[in-house]
Each structure stands twice: as structure tokens, then as C-alpha cells.
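Welcome! Let us take a guided walk through a protein model together. Keep the picture open beside you as you read.

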Amino acid sequence: MLDLLIRGGRVVTAAGVGEWDIGVQGEKIVAVAGPGTISAEGGRTIDATGKIVAPGGIEAHAHIGFGGVAAARNPISRNNAGPAEQSLAALWGGTTTVVDFAGMPEDSDLLPAMHNHLSGWKDKAYTDYTAHAILRGTATPNAIGQIKDLIAAGFPSIKVFTTSLLPPTPDRPSMKMDMGRLEAIMTETAKHGGVVAVHSEDDEIVQYNYARALEQGRMDWWNMHLVHSNLSEDLSFRRVIRVAEKTGAATYFVHTSAKEGVNAIAEARSKGLPVYGETLNTYCSFNVDNYKEYDGMKYHTYPSVKFEDDRRRLWDGLIRGDLSFMATDSIVTSYADKVAGRTILDVTGGNIGIEVRMGITYKEGVVDQGMSLERYAAITSTNVAKVLGFYPRKGVIAVGSDADITVIDPSIKKKLEMRDLHISDYSSWTGREVAGWPTTVILRGKVMIDHRTLVGKPTDGKLIPRKVPSEVLKGPWR
Ligand SMILES: [Zn+2]
């Protein structure tokens, strides 16, 4: 007996796009079959005629705020919305799983710190969730030796920074990882089957560019791309790839922003290295001209928005397969908080795009550029599931997988307004035309958003353990 039948839609599966009916029992997909061949047998039927039925979105890069000590230490996360608000926005936008970040202690046990962080999600999750473990530049050999415990417990993605991101003054904890620790972390992560997520920028270039901008008085936020420059991404990606090659570590570049970054990833993949690239919707929708708007700091997240030819190369990389997925670098603050910083020293990072990610990627990728629906599902869900270890439980509409499903209505055509959204009090995308938007969202068989009505609860999401498939670790799994 089925609990749910989704019939009549254009379904995006691993075997292609077609008209199939989907049968759901409990939390799982139990049938994907030709139209009219399975009956609901007393369960509920959702008519998806004229709609696109895609795997529920997976957000690979979200910073979830919990307030308290963490927020006080980190200016970027001050006033950042917590899991209830961010997962609800994600859900409304068709995303059913969110990957957060958990800061690790420099020299005490890592796994308790991860669980402590994730306890903040309990009963506040409208989506499923997990987190990457962030190791700081001060991580000790003892801490690095505990990476295996994280991986064994279902947390196989370790995040590092190769830059301190901000200038050394005012005094704050540095994120920058030296190459020695990077080698040790990559060695350890590769040995135990994990993936190293790298915020990759050349710290020497970034710090010199800050110093030069200070000296020349070019302090306005719209100079950020000249500080966090194309050359910085070029050099740093290539250096990190060399360490990855020597250690055998699967490597995931977060927020690729420049054509040089895409090219470095493409070259590594052409050599058969397990290298994967993420980009962000703010980098794909906007460029340095947008920075010059009176409130153009709202587009900023680190490293920076780049030039138009970079933006085009990011899309090209997503469509052709050099880049693996589209994330957001989610931080959700009020408009007042986001535009409070006006210089390269105090502008706020993070991007408000978690709710619009699936809808805007559909419009700007599929509708405007003819990206296939298969590729759309890959960059918004399937590839994230593979690289971060949810696959095949998540990221795919197939028998045996979690019934995480997003129904997109391609007939919704309008200018995006705040009243369409459920997040904070601003969006960088209001005023943009959309053509197609998620209307019904299902999490592990439970209808959470039902024809644009919320029926899900913050107790519905749960922590999902992960294991990275060997295909991801061995070479570029497209
Ligand atoms: Zn980030």
C-alpha cells in the first residue's frame, strides 16, 4: 500500500527525464513507473501534471547562527539567523537538506564539538541537516589525528581556509591554515575516506592588497574584488591542488568565484584528480557592476563577486561539468545589518540566497541558457549528495532513496517580491523575473510545503549520517 503517489509530472531521474509516476511508502521511494501503472491504493495522490518533479535540493554551504559565544567571537555570524529560520527558508525554496558548518576546537576532542554544535538544530529543523567540520589554522596534530573519528561517525567533510580572510587588525582569531597543516589534514582525510573543503585564497596576495588599498584610500566595499583578486584564486587553487595530488585527498573548492578557479579545477579533473568545485548563486547572478549600486555591499560574500567574464565562466563550468554544484554561503541577517559595513574592512560576508537557490538557478540556468533538467538536478542536488556522502540515500529520485522531492511549477512567471519570500527583510533577487518556482516540497515522504502552504514542522528534519562513495574519492565523479 502506498502512502503517496505523485503522478503526471516530468520527473528528473538518474536515467533521464520522463513522464513517470512515483510511489512513496513511509520515508522512501518504492516505485518509479510508467504513467498510470501504479495506483495510490488509498494513499494520497498529488497531481503534478504540467510540473517538473526534481530531487529535493541540497544546500552544501550554509552558516547557521546560534547566537551566544560563537557569534560574539565571529563578527560575520553576529545576528545571523538560526536553524529554524534558515531551514524554513530553504524548504520554501525547494531545498530539503542543509549542510551547516561546525567550528572545531584546536586541541580537544572533535566529535563532541560536532554533536554539541548540531544540538542547536534539535526541534528547529524544517529540513534534514548535517555540518562540515571547520579546522582552524591553530589545529594541533592531536586534533588532526581525530579526523578519523569524525569520518567514522558520519561527518566526512573537513573545511579549512588558506587565508585569514580579513586584515590582522582588529585582533581576531585567524582562520589561515598553513601548508604543513594542510598536507597533514589532507593525508589524514584521504586515509579515512573523507573530503577536504577548501576556502582557497592566497593570503599573501590578499593581505598585500588590503595594505595597498589602505595606503591608496580605496576603502569602499566595491573594491573587494581587487583585494580578493582573480590572481589570488588562481595561485591558491593550483597550490592546493598540488597538495591534494601528492596526498591523494578528494578536494572540494567552496565558492569558486573566478574564471581562473574554474580553469584550475577543470585541469585537475582532466588529469583524473578527485577535485570538485562549488560556486554561489550570488556570483552567478551578479558582477562587479552590481557592487557599485548604492547598497551593492548586499551582493558581497568572501572572496568577492567578480567580473562579467568570470560570471559567464562560472555558468559555463556549471553547464559543462567543470563545476559540480551551486550553493549559497548562506548567512541571513536583516538588511540593516547587511548594509551596515561600507568599507573593505567592515563589509559583511554571507549571502541571503538560500530560499531562491532552486528557483533562480532554474530560471537563469534552464530557462535562460538551456541547461538540461538532468544537469539542473545534478548541480542543485545530485552532485552535492555524491561529493558530501548522502548518495544514493539523497539527491536522486530512485527506488530505495529518501522521498525528498521538489515539484516546480514552470508556469509561475513574475517579478520576485519580498512577499514571495519567507526570509529576513531583504533579498538581492527582488525585482528579478522568475519563470518556474517550487510549489510542493516533500521531505522523506512527508509533504512539507503543499501547493505553497506550509504544513511541515520544525521537528520534521533530522541529522543524516554521511559516507563518501569510493567513486568520488578515486577520481572526478561527474
Ligand atoms: Zn562560507
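## A helix and its neighbours

The buried residues of helix H2 pack against five strands: S8 (57-59), S9 (95-103), S10 (128-134), S17 (433-443) and S18 (446-449). Keep in mind that this is a predicted model.

How many of the 10 residues of H2 are buried? The count is 9 of the 10 residues in H2 (residues 83-92), so this helix is largely enclosed by the rest of the structure. The buried ones are Pro83, Glu85, Gln86, Ser87, Leu88, Ala89, Ala90, Leu91 and Trp92. After H2 comes Gly94, which has a positive phi, near 95°.

Strand S10, one of the strands that H2 packs against, has a similar story to tell. Of its 7 residues, 6 are buried, so S10 is largely enclosed by the rest of the structure. S10 runs parallel to S9, and 7 bridges join the two strands. One pair to look for is Val98 with its bridge partner in S10, Tyr129.

## A sheet of four strands

Now find the open sheet whose 4 strands come in the order S5-S4-S1-S6, with mixed pairing. Which strands stand at the edges? They are S5 (28-33) and S6 (44-47); each has a single partner strand, so one side of each is left without a neighbour in the sheet. On average, neighbouring strands of this sheet are turned by 20° against each other, direction ignored.

Look next at S4 (residues 21-25) and S5, which run antiparallel and are joined by 5 bridges. Here Asp21 stands opposite Ala33 in S5.

## The nonpolar core

In soluble globular proteins, nonpolar side chains tend to be buried together. In this model, the largest nonpolar core has 131 residues, and the members that touch the most other members are Ile22, Val53, Ala133, Val160 and Val196. Helix H16 (residues 373-388) contributes the largest share of this core, with 8 residues. The core also draws at least three residues from each of domain 1 (4-55 + 397-423 + 434-449) and domain 2 (57-396).

Val196 is a good residue to click on. Leaving out residues up to four places away in sequence, Val196 touches Ile158, Val160, Ile185, Met186, Thr189, Ala249, Thr251 and Tyr252.

## Where the two domains meet

The domain assignment of the protein gives domain 1 (4-55 + 397-423 + 434-449) and domain 2 (57-396). Their C-alpha centres lie 29 Å apart. The contact takes 26 residues from domain 1 and 31 residues from domain 2.

On the side of domain 1 that touches domain 2, at least two residues each come from S3 (16-19), S7 (52-55), S16 (405-415), S17 and S18. Which strand gives the most? S17 does, with 7 residues. This side of domain 1 divides into 19 nonpolar, 5 polar and 2 charged residues.

## Some backbone details

The table collects four places where the backbone is worth a closer look.

| Site | Backbone feature | Location |
|---|---|---|
| Tyr302 and Pro303 | cis peptide bond, omega about 0° | Pro303: loop between helix H12 (288-291) and helix H13 (308-320) |
| Tyr391 to Pro392 | cis peptide bond, omega near 5° | Pro392: loop between H16 and S16 |
| Asp329 | positive phi of about 60° | loop between strand S15 (325-327) and helix H14 (335-338) |
| Arg452 | positive phi near 65° | loop between S18 and helix H17 (470-474) |

Asp329 has its positive phi although it is not a glycine, and Arg452 is likewise a residue other than glycine. Is Asp329 buried or exposed? Asp329 counts as buried because it has 26 C-beta neighbours inside 10 Å. Arg452 has 14 C-beta neighbours inside 10 Å, so it counts as partly exposed.

## One last stop

Finish your walk at Met179, in helix H6 (residues 179-192). Met179 has 12 C-beta neighbours inside 10 Å, so it counts as exposed. From the C-alpha atom of Met179 to that of Ile46, the separation is 53 Å, and the two residues are 133 residues apart along the chain.

Notes
Residues numbered from 1 in each chain as written. Predicted model: local features only at pLDDT ≥ 70, side-chain atom pairs only at ≥ 80, totals over all residues. Buried ≥ 20, exposed ≤ 12 C-beta atoms within 10 Å, placed from the backbone. Contact = placed C-beta atoms within 7 Å. Pairing = 2+ DSSP bridges. Axes fitted to C-alpha atoms, helices over the stretch in contact; angles between N-to-C directions. Core = buried A, V, L, I, M, F, W, Y, C linked by C-beta atoms within 7 Å. Domains from an automatic or database assignment. Nonpolar A, V, L, I, M, F, W, Y, C, P; charged D, E, K, R; others polar.
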